[in-house]
Protein chains: 2
Amino acid sequence: MYIGFSEAETFLRNCQDAVIITHRNPDGDCTGAGFAMKDILRQLGIRSRVVCHDVFPKRYDFITEGETEEDFEPQTIIAVDIADNKLMGKYQEIYGDKVQLCIDHHISNKNYAEKTLLRADASAACEVIYDLAKFMGLKLSKHCVECLYTGITTDSGCFKYACTTPHTHEVVAEMMREYSDINFTRINRYMFDVKSAGRIRLESRLNDMIETYLDGKLCIIAVTKELIEELGITDGELEGFAPLTIQYENAEVGIFIRQRADDYKCSFRSADEVNVSKICETLGGGGHAKASGCNLSGDLDDIKKQLIEAVSKAL
Amino acid sequence: MYIGFSEAETFLRNCQDAVIITHRNPDGDCTGAGFAMKDILRQLGIRSRVVCHDVFPKRYDFITEGETEEDFEPQTIIAVDIADNKLMGKYQEIYGDKVQLCIDHHISNKNYAEKTLLRADASAACEVIYDLAKFMGLKLSKHCVECLYTGITTDSGCFKYACTTPHTHEVVAEMMREYSDINFTRINRYMFDVKSAGRIRLESRLNDMIETYLDGKLCIIAVTKELIEELGITDGELEGFAPLTIQYENAEVGIFIRQRADDYKCSFRSADEVNVSKICETLGGGGHAKASGCNLSGDLDDIKKQLIEAVSKAL
């Protein structure tokens, strides 16, 4: 059932002992949303813990550190930024069909939770949570605003992507006016600019691997297990490279493929007009119009053929 | 003499036959500011032309194209985004000491014009022009807003840098609400993401050249004439690489050095706390706290020593 701010407020003010689930391969938005929600619940006197199938990447230490996860039998199950309970990883089995409140911004949300606060026009789940906290009249902590800003800036590509709305800029203007002691520039620097020498080399290597199809309108970078082993990197280190696939001027769709244990994770990006969410839905996935994904199994060459055909139809 | 919006309005409404000067090595801000100002003057019934020492780079075609530059004897000299008339190149001799109105946002502005509208807290000259146009009660054309947005987004690094204020976000929110038919995402894509295969290779090459000094707190990339010849690139193609110098986590100051005909252009970037404008002032240059520059002559190794010493003192 889709609900509004008022019902979400009632739910939050009356819940207890909550588990907050974030999606696997955690990004800035689900990490920020998870810990912002924990901060908000703490303010309401409700204990909670944030869980994730994967370890939160080191670059989000400023969000996660200092947070001790209390041990308690959960009474409340909340999901943030999770469009589909399949994205919970190992927590799907435990909590997948028990989610009482889901706060999300994905138009592709599967409506798997008892109550879903969905704002598909929000740049990030963190933007929804900010608006909800404002609606509830809460005065957010500095840390909470750092979490929320991180989610908004990462999901919007630092206000670069089409999910950035006037309201996104208004929310951020308000944050910056009210929390002038936060070093927003530093957050952006760490989210977008700081790279290890290894990551810089990796990016160069991936740039050398761009394959173009369909008169250059489709670009693919495919990273195999062999390459991952050769480079000595972890799966987490391959996060954030999908935008490399739409660097070329003619590119309309880009796909970043990563081989995993049993399948290939395909991250789609749209340069401008193509709705890649629709393409991904035909392949069993989903997401946003400009950034979506699907997971495919089989032989890499066959997968590429399948992807090229699906994109060709959409162009 | 420093003036406010009211006096700038009076000046603009009463001027005629204006030349609008932009700085050499034109960037998104001076290009956007120049053509936005031309658009505003046209609306006031005043003819003008935009001049620049260099050719405007191709990526600003959407700003400059369709603009025919009329031939007339100028009665009014306006400079936009020019902190020092030395930055006018060949136009310094013709107009350098005749500028009647300068609109700028550089704290280092030399006050060389008869009247200067300086807002050092603005992210871009384009932000100042937007505020001035609002003050004047003008309804801007779509093209004018595209020009102004381009200046703001490029000078603020897509709202990433410290010059981004709450007001910057408010201005952009207002632009996006009022001009929903503008494809802001496309502007950002072309300003930040689209790269030629050559530029991608160039970036990889420059990344390989990062030198670290002072325990990694200073990073330098130095591009010599020999390298420029070897790579077969023009000076304009080296624009926009200075941020590469502050990619490493420990970097506090980065310097991108480019050899020119008679000297070396040194572009400074500050990662966080160091005011590089002050360092550049000791070397005869200037700019913003986080992005400044100076030009040095002599032997490259001696220049590096001089730079390392100047940065070392500031750390």
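**Exercises on a two-chain model**

A:T22 touches A:C30, A:G34, A:V50, A:V51, A:C52, A:F56, A:V80 and A:I82, leaving out residues up to four places away in sequence; contact here means heavy atoms within 4.5 Å. This is a predicted model, where local features need pLDDT of at least 70, side-chain atom pairs count only at pLDDT 80 or more, and totals for chains, interfaces and linings use all residues, while side-chain values use heavy atoms and leave out hydrogens and water. Residues are numbered from 1 along each chain as its sequence is written, with chains lettered from A and ligands numbered from 1 in the order in which they are written.

**Exercise 1.** Find where A:T22 sits, and work out whether A:T22 is buried or exposed.

*Step 1.* Look in the loop between β1 (18-21) and α2 (28-43) of chain A, and you'll find A:T22. Helices (H or I, at least four residues) and strands (E, at least two) are DSSP runs, numbered from the N terminus.

*Step 2.* A:T22 has a relative accessible area of 0%, so A:T22 is buried. The cut-offs are under 20% for buried, over 50% for exposed and partly exposed in between (1.4 Å probe, protein chains only).

*Step 3.* Now check the side chain: one of its polar atoms lies 3.0 Å from the backbone oxygen of A:V51.

**Exercise 2.** Describe the contact between chain A and chain B: how many residues does each chain give, and how much area do the two bury?

*Step 1.* Chain A puts in 41 residues and chain B puts in 41 residues.

*Step 2.* Together they bury about 3500 Å², 50% of it on carbon and sulfur atoms. That area is the accessible area (1.4 Å probe) that two parts lose on being put together, summed over both. A:K160, A:H169 and A:R189 supply 19% of what chain A buries against chain B, more than any other three residues.

*Step 3.* Count the salt bridges (a Lys or Arg side-chain nitrogen within 4 Å of an Asp or Glu carboxyl oxygen) and you get 8 between the chains. One to click on is A:D193 with B:K160, at 2.9 Å, N to O.

*Step 4.* On chain A's side, α7 (166-178), α8 (184-193) and α9 (197-208) are the elements that give two or more residues, and α7(A) gives the most, with 8 residues.

**Exercise 3.** Work out how chain A and chain B are related, and why the copies meet through the same surface.

*Step 1.* Superpose chain A on chain B by least squares on the C-alpha atoms of residues with pLDDT of at least 70 in both. It takes a rotation of 180° with 0.0 Å of shift along its axis, and the RMSD is 0.1 Å. That's the relation of a two-fold axis.

*Step 2.* Compare the two sides: 100% of chain A's interface residues are also interface residues in chain B, so the copies meet through the same surface.

**Exercise 4.** Place B:N188 and list what it is in contact with.

*Step 1.* Helix α8 (residues 184-193) of chain B holds B:N188. With 1% relative accessibility, B:N188 counts as buried.

*Step 2.* Skip its neighbours within four places in sequence, and its contacts are A:F159, A:K160, B:Y149, B:T153, B:C158 and B:D193.

*Step 3.* Its side chain makes a polar contact of 2.9 Å with the side chain of B:T153. That term needs a pair of N or O atoms within 3.5 Å; within protein, one must be able to donate a hydrogen and the other to accept it, and residues adjacent in sequence count only if both atoms are side-chain atoms.
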